[in-house]
Structure formats: structure tokens, C-alpha cells
Amino acid sequence: MRILLVEDDPQLGRATQLGLDQLGYAVDWVQSAEDAEISIKLHQYQCLLLDLGLPRQDGMTLLKKLRAAGFDQSILILTARDQIPDRIMGLDSGADDFIVKPYDIDELAARIRTVRRRLVGRSREILTHRGVEIDTAARQVKLHGESVNLTTREFNILQILFEHLGQIITKDQLEQALYSWGDEIESNTIQVHIHHLRKKLGKELIRTLHAVGYVIDKE
């Protein structure tokens, strides 16, 4: 999952970015609402982590603007404001959840998983299909009950395809979801990851549509 973190505190922003990166997320970090608006126009994000106390344009204003413009991905507010009216205003303005600073990175990751799970319409952290079981919280995969070791990016690709069964996911969509700013991406990187997934989980699981993308069929 690719996340945009909007946080003007350098220490907290860097710590959050590093912590989520270690948990397998691709995180871009900006320090103002204006930079966030530019980033959202240029990239596809599945989750926005939004501080309210931003310079110039505050986070609540950005939240309302994004929802009015049709941004329909998850938005989780990170704030030092723990008053009930602030929470109500944020939720009524389109936020999916609130977490009060200072926060634990594992709790933040759990809340990200929860809002994402609601957005894609599932109620559990366990995904199963064709003998493959994915535990999205523990980031573990089993094939017919046996554990399978995947790299971070192999796991992320598999989760994306499982969350969109029957839908074709393009190479560009996978790259957008997997890589943050500064990551070097070779032209065949996605193909290599898909090749490794087939070796580990069976060559029939992921189907390639030449020059289009990849899909895991529902049946």
C-alpha cells in the first residue's frame, strides 16, 4: 500500500515514515497541505495520514477539499487535538478514523489496515483463495496449510491481487502502490516479483494478460 503522510513535525514525520516502511508500506512524506495536493495529483495513494495542525492551510481544510474533489481513498487523521468536537468535525468532514499523538506505530498500522479493510469491503484480516491463505495483519502466507516465505514486495503484490480478484491490475498500478519517492524501479521488476510468486505458490495462480496486466481469477 502506498501512503501519503502529511506532517509538519520533522522528527515525528521521519519516525512515522521509517516505522511504516519497516512494516512493508511505501510512504511519501510532505510537510504542508499545498505539497499534499500536488502529490495527490501526481500519484495514486491508497491512504492519507493527515495532521490537522499544518502551516498556512490546516488539515481540516485540506480534508474537506479532498472529499469535495472526489478523493475516495482512506484518510486517517493524526492530531494532538483530542477533544470530542474535533473528532466529530473530522469524521463528519470525511475522515475514516482518528489517532491522537503521541501514537504507537503498531497501533497506527492496525488502524490503517482497519480503514483499508472497510474500504475494500471485507471484514477479516484473513484472505483465502485457491488454497492460499494471507494473514494481512501478521503478513504471513500459507499454501495448503504450509507457511510460504515471501519478500515484502511479493507479499504486497499478492495482497493487492487478492483484494481485487477478477480485476486486471496493470504494471503501472502495482508500481504506484509498491514504490515511494526515490525508489529505483527497473523495467522488469514487477515481472520478476510475479515470477517468484508463481514459483512459490503455483504457476496457475496469477494470470498474465500480455501488455495489459495481471489477475487472479475468481474461479
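Here is a short conversation about the fold and the salt bridges of this predicted model.

Me: Glad to start with the overall picture! How many helices and strands does the protein chain have?
Reply: Welcome! The C-alpha trace of the protein chain spans about 50 × 35 × 30 Å along its principal axes. Within that trace, the secondary structure comes to eight helices and eleven strands.

Me: What is the radius of gyration of the protein chain, and what does the globule rule give for 219 residues?
Reply: The globule rule gives 17 Å for 219 residues, and the value for this chain is close to that, so the chain is as compact as a globular protein of that length. The radius of gyration itself is 18 Å.

Me: What share of the residues of the protein chain count as buried?
Reply: A residue counts as buried when its relative accessible area is under 20%. Applied to the 219 residues of the protein chain, this gives a buried share of 47%.

Me: Which residues does UniProt give for the feature "domain: OmpR/PhoB-type"?
Reply: The feature comes from an unreviewed UniProt entry. Over its span the chain is 35% helix and 22% strand, with the end C-alpha atoms 18 Å apart. The record places the feature at residues 124–218.

Me: Now for charged pairs: which residue forms a salt bridge with Lys 101 at 2.8 Å?
Reply: Side chains of opposite charge can pair when their charged atoms come close. Lys 101 lies in the loop between β5 and α5, and its partner lies in the loop between β1 and α1, so the pair ties together parts that are 94 residues apart in sequence. The partner is buried, with a relative accessible area of 1%. That residue is Glu 7.

Me: Which residue is linked with Glu 7 and Lys 101 in a network of salt bridges?
Reply: A search of the whole structure finds twelve salt bridges. Some of these join Glu 7 and Lys 101 into a network with a further residue, Asp 51.

Me: In which helix do Arg 111 and Glu 107 lie?
Reply: Their side chains meet in a salt bridge of 3.1 Å, N to O. Arg 111 is partly exposed at 26% relative accessible area, and Glu 107 is partly exposed at 37%. The two are four residues apart, separated by about one helical turn, in helix α5.

Me: Is Glu 125 buried or exposed?
Reply: Glu 125 forms a salt bridge with Arg 113, the closest N and O atoms being 4.0 Å apart. Arg 113 is in helix α5, while Glu 125 is twelve residues away in the loop between α5 and β6. With a relative accessibility of 15%, Glu 125 counts as buried.

Methods:
Residues numbered from 1 in each chain as written. Predicted model: local features only at pLDDT ≥ 70, side-chain atom pairs only at ≥ 80, totals over all residues. Heavy atoms only, no water. Buried < 20%, exposed > 50% of the residue type's maximum accessible area, 1.4 Å probe, protein only. UniProt positions renumbered as here; feature names shortened; annotations may be inferred. Rg over C-alpha atoms; globule rule 2.2 N^0.38 Å.
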